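Subject: Structure handover

Hello,

Here is the structure I said I would pass on. Please look through it first; my notes on what was found follow below.

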Amino acid sequence: MSTPNPVPPSVPTVEDAPARQVFLQRLFLKDASLEMPNAPRILTNETPPAIDVQVGTAIDMLNPGIFQVMLQVTVTAKIGEETAFLVEVHQAGIFQLANFPDGGELQHVLAAYCPSVILPFAREAIANLIGRTGYPPVMLQPINFDALYAQHLAQQAANGVNGAVPTTVQ
């Protein structure tokens, strides 16, 4: 009995390809700041503040296959035109990536998967800092980094840019 459509030995198969690997080498809080420029006066205002959250990523290649991915989160609370507090956290991770055959897949891992790994730690740092302001902690909602990356790629395509690893995705 013969096997139908055998694969010639010269054609590599998926089984022969080395497995893609992502290793988290280190996770660290690179920078954190808390500002309350109008304290203590603003703390007497009973109006709840309006909250604005801005998120971005930065990717730096440290060595071949080793990358720093940083998640930048800024939370601004305002009452009217006055700032109640401003919290900024730069949570970073060092990732080693191996066996990614093309730039597109590597870019996707760096811009979407790695920030998803870092987000829970940034969320905790943000909540802890805001808790020190006297205001209730702000819990960052889950972020779909895959959708943000897809949006970034669509923007690049619309602007005629193609194939670069994003240094910032917002």
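The chain holds two helices and four strands. Read from the N terminus, these elements come in the order β-β-β-β-α-α. Please keep in mind that this is a predicted model.

Some totals for the chain come next. Of its 170 residues, 33% are buried. Its accessible surface is about 10,300 Å², and carbon and sulfur atoms account for 55% of that. Among contacts with a separation of 6 or more, 68% are between residues 24 or more positions apart.

The sheet

The four strands make an open sheet in the order β1-β4-β3-β2, and the pairing is antiparallel. At the edges are β1 (21-35) and β2 (50-63), each of which pairs on one side only. On average, neighbouring strands in this sheet are turned by 15 degrees against each other, with direction ignored.

Going through the sheet pair by pair, β1 is joined to β4 by 13 bridges, and the two run antiparallel. L27 is found opposite G93 of β4. Strands β3 and β4 are also antiparallel, paired over 14 bridges. One of the bridge partners here is Q96 in β4, which is matched with I66. These two strands form a hairpin that leaves two residues between them, and G80 in the turn has a positive phi of about 65 degrees. Between β2 and β3 (residues 66-79) there are 13 bridges, again with the strands running antiparallel. Within that pairing, A58 has M70 of β3 as its bridge partner.

The helix across the sheet and the core

Helix α1 (residues 103-131) lies across β1, β2, β3 and β4 (82-98), and runs at about 140 degrees to β4. What does α1 give to the largest nonpolar core? The helix supplies twelve residues, the most of any element. The core as a whole has 34 residues, and L71, V73, F85 and I126 have the most contacts inside it. Two or more residues come from each of β2, β3, β4, α1 and α2.

V73 shows what one of these positions touches. Leaving out residues up to four places away in sequence, V73 touches V53, Q54, V55, V87, E88, V89, A122, I126 and L140. I126 in that list is also among the residues with the most contacts inside the core.

The aromatic pair

How many aromatic pairs does the structure hold? There is one. F85 and Y135 form this pair, with 5.5 Å from centre to centre and 45 degrees between the planes, and it is classed as tilted. The two residues are 50 apart in the chain and link distant parts of it: F85 is in strand β4, while Y135 is in the loop between α1 and α2 (145-158).

Are the two partners buried or exposed? F85 has a relative accessible area of 1%, so this residue is buried. Y135 has a relative accessible area of 12% and therefore counts as buried too.

Two residues of β3

T76 and I66 are worth setting side by side. T76 lies in strand β3, and I66 is found in strand β3 as well.

T76 has a relative accessible area of 17%, and because buried means under 20%, this residue counts as buried. Apart from neighbours within four places in sequence, T76 is in contact with A50, I51, D52, F85 and L86. That list includes F85, a partner in the aromatic pair.

I66 has a relative accessibility of 23%; it is partly exposed because that value falls between the cut-offs of 20% and 50%. With neighbours within four places in sequence set aside, I66 is in contact with D60, M61, I94, F95 and Q96. Q96 in that list is also the bridge partner of I66 in β4. The C-alpha atoms of I66 and L97 are separated by 6.4 Å, although the residues are 31 apart along the chain.

If you want a place to start in the viewer, try F85: this residue is in β4, has one of the highest contact counts inside the core, forms the aromatic pair with Y135 and is in contact with T76.

Regards

Key: Residues are numbered from 1 along each chain as its sequence is written. This is a predicted model: local features need pLDDT of at least 70, side-chain atom pairs count only at pLDDT 80 or more; totals for chains, interfaces and linings use all residues. Side-chain values use heavy atoms; hydrogens and water are left out. Two strands pair if DSSP finds at least two bridges between them. Axes are lines fitted to C-alpha atoms, for helices over the stretch in contact, and angles run from 0 to 180 degrees between N-to-C directions. Contact means heavy atoms within 4.5 Å. Buried means under 20% relative accessible area, exposed over 50%, partly exposed in between (1.4 Å probe, protein chains only). Accessible areas come from the Shrake-Rupley method with a 1.4 Å probe; for residues, only the protein chains shown count as cover. Rings of Phe, Tyr and Trp (its six-membered ring) pair if their centres lie within 6.5 Å; planes under 30 degrees apart count as stacked, over 60 as edge-to-face and the rest as tilted. A nonpolar core is a set of buried Ala, Val, Leu, Ile, Met, Phe, Trp, Tyr and Cys residues joined through side-chain atoms within 4.5 Å.
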